[in-house]
There are 2 protein chains.
Amino acid sequence: MTQKAKEYYRDNPQFYVAVDCIIFAFENDELQVLLQQRNFEPFRGEKTLLGGFLQDEESLEEAAQRVLQFHTGLTNIYMEQVGTFSALDRDPGARVISTAYYALIDKNLYDSALLKEYDGEWVSTDHLPSIHFDHTKMIEQARELLRRKISFSPVGFNLLPPSFTLAQLQRLYEVILGQEIDKRNFRKRVSEMQFIEKTGEIDKVSSRRGASLFQFNMEKYNLIHEFKLK
Amino acid sequence: MTQKAKEYYRDNPQFYVAVDCIIFAFENDELQVLLQQRNFEPFRGEKTLLGGFLQDEESLEEAAQRVLQFHTGLTNIYMEQVGTFSALDRDPGARVISTAYYALIDKNLYDSALLKEYDGEWVSTDHLPSIHFDHTKMIEQARELLRRKISFSPVGFNLLPPSFTLAQLQRLYEVILGQEIDKRNFRKRVSEMQFIEKTGEIDKVSSRRGASLFQFNMEKYNLIHEFKLK
DNA sequence: TCAAAAGTGTTAATAGTACACCCATGA
DNA sequence: TCATGGGTGTACTATTAACACTTTTGA
């Protein structure tokens, strides 16, 4: 590189760059998000999202996956970038630019033993506690992005176990969209989506009568590539 | 801050942070974007978006507005964050994390004399030339974001002069959505949006007969807050 | 036997799409 | 007078929304 080119960069300041993960899960008819009750400085005693600093040899996406794996044990998880937050006062300890990602996990699969190690806790997105930094805004933006996405893309299945009842799927949509859905209309639409298929198994836990279990068939979806549930 | 808290930051690397602006304008029935033909290092001879490095006392949004003002003379312009790009090899000169913003400007208002100073040039988004870095991806993502946004939010007016004909407005939508729109259906929908109002003036430039000029009334829109053109 | 959730079709309302001709004007 | 773009309404189609009862089973 020429001297000129070096100066092009060198004359500019550098910043800490972080990622914050909005880890969503679905349980008890609630969309939940994983927070950390910090027992270390800075911001001891505050609740925050799970985050980490970007390192030299990774992209933001990789950093977010790393943070996610560290806190849940999960890899190869569906994530989407929410946005980058850069207000001057967003972190009083230092100037930190932070990119938020949301992740959708199946709460049955993550390593819940890890929670104790970092004081993790699941909270409902309907009644968020007081959260530090601009993390509340990140969660709200992520929730809104998810709301839009779920209407025309089959990402919701990431929040459910591999097989699920239609009642579960409907409640997931109702919770994320924030509106009730007519049961018959919903089931009609599901039956039109040929990539949501009966497994043949019956779930006897949720009701006396038992409900058919369904699964999302990714291969079929990729062939059809048309999606709309509500 | 305690020693512990200081270390929390200090053990992590820092990065150059940049903004890249996708400056859109509408002319000749084309959605155009402003590029720079670089005649300086690094990457002399390449075409790039207009960008700049984040400075200590500004947010990313402010940096993007600064870059925009420097290259167009315009302030208080509609901008939206597109996303943040962080691939390890995206800038071979140094590790740079870059956040893209798109801006919508009225090409009649910007200072075109500035173009000469930095070798700026407008290109159609339909036939993008070869562009350096990941800037092509940024433009495509911005275009897609704009496409979605324009269907349910009145941002398109930022690309038009304060008063415009319905033919102009329709062509803007056709170009951004990439599909033809039926004239009568389009005008029907416009007439339902009471915040798109006749100015009473007639434009005699575009046709012999003359076409009514319309304007977007932001105050009325804010009261009604319902929008859909196609 | 009954409470609780599963499962199932039809009709009405709304929204979206297709379509063709006359008008006013300047060259 | 004619070429050019401006302006207008109706009928059809597709999509979405509303709605109620029967089934199964374990407690």
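In the predicted model, a base oxygen of DNA strand D is placed 2.3 Å from an N or O atom in the side chain of A:R209. A second base contact involves A:D182, where an N or O atom of the side chain is 3.1 Å from a base nitrogen of DNA strand D. The backbone of the DNA is also engaged: a polar backbone atom of B:S212 is found 3.0 Å from a phosphate oxygen of DNA strand D.

These contacts belong to a surface to which both chains contribute. DNA strand D is surrounded by 22 residues, and A:N185, A:R209, A:K228, B:K183 and B:R209 are the closest. By class, the residues of this surface comprise 14 charged, six polar and two nonpolar. At least two residues each are supplied by α6 (183-192) of chain A, by α6 (183-192) of chain B and by β10 (211-216) of chain B. The greatest contribution, five residues, is made by α6(B). On the nucleic acid side, sugar or phosphate accounts for 36% of the atoms of DNA strand D within 4 Å of the protein, and bases account for the rest.

Chain A is divided into two domains, with domain 1 covering residues 9-149 and domain 2 covering residues 154-224. A distance of 28 Å separates the C-alpha centres of domain 1 and domain 2 of chain A. Contact between these domains of chain A involves 15 residues of domain 1 and 12 residues of domain 2.

In chain B, helix α5 spans residues 166-177. Its 12 residues reach 16 Å from the first C-alpha to the last, close to the 16 Å expected at 1.5 Å a residue. The buried residues of α5(B) are B:L166, B:L169, B:Q170, B:L172, B:Y173, B:V175, B:I176 and B:L177. After α5(B) comes B:G178, which has a positive phi near 70°.

Elsewhere in chain B, B:H132 is situated in the loop between β7 (120-124) and α4 (135-152). B:H132 is classed as buried because its relative accessible area is 15%, below the 20% cut-off. Beyond its neighbours within four places in sequence, B:H132 is in contact with B:F43, B:E46, B:K47 and B:T48. By comparison, B:D29 lies 103 residues from B:H132 in sequence, and the C-alpha atoms of B:D29 and B:H132 are 26 Å apart.

How values were computed. Residues are numbered from 1 along each chain as its sequence is written. Chains are lettered from A and ligands numbered from 1 in the order in which they are written. This is a predicted model: local features need pLDDT of at least 70, side-chain atom pairs count only at pLDDT 80 or more; totals for chains, interfaces and linings use all residues. Side-chain values use heavy atoms; hydrogens and water are left out. A residue is near a molecule or strand if one of its heavy atoms lies within 4 Å of it. A polar contact is a pair of N or O atoms within 3.5 Å; within protein, one must be able to donate a hydrogen and the other to accept it, and residues adjacent in sequence count only if both atoms are side-chain atoms. Helices (H or I, at least four residues) and strands (E, at least two) are DSSP runs, numbered from the N terminus. Ala, Val, Leu, Ile, Met, Phe, Trp, Tyr, Cys and Pro count as nonpolar, Asp, Glu, Lys and Arg as charged, and the others, Gly among them, as polar. The expected span of a helix is 1.5 Å times one less than its number of residues. Buried means under 20% relative accessible area, exposed over 50%, partly exposed in between (1.4 Å probe, protein chains only). Contact means heavy atoms within 4.5 Å. Domain bounds come from an automatic or database domain assignment.
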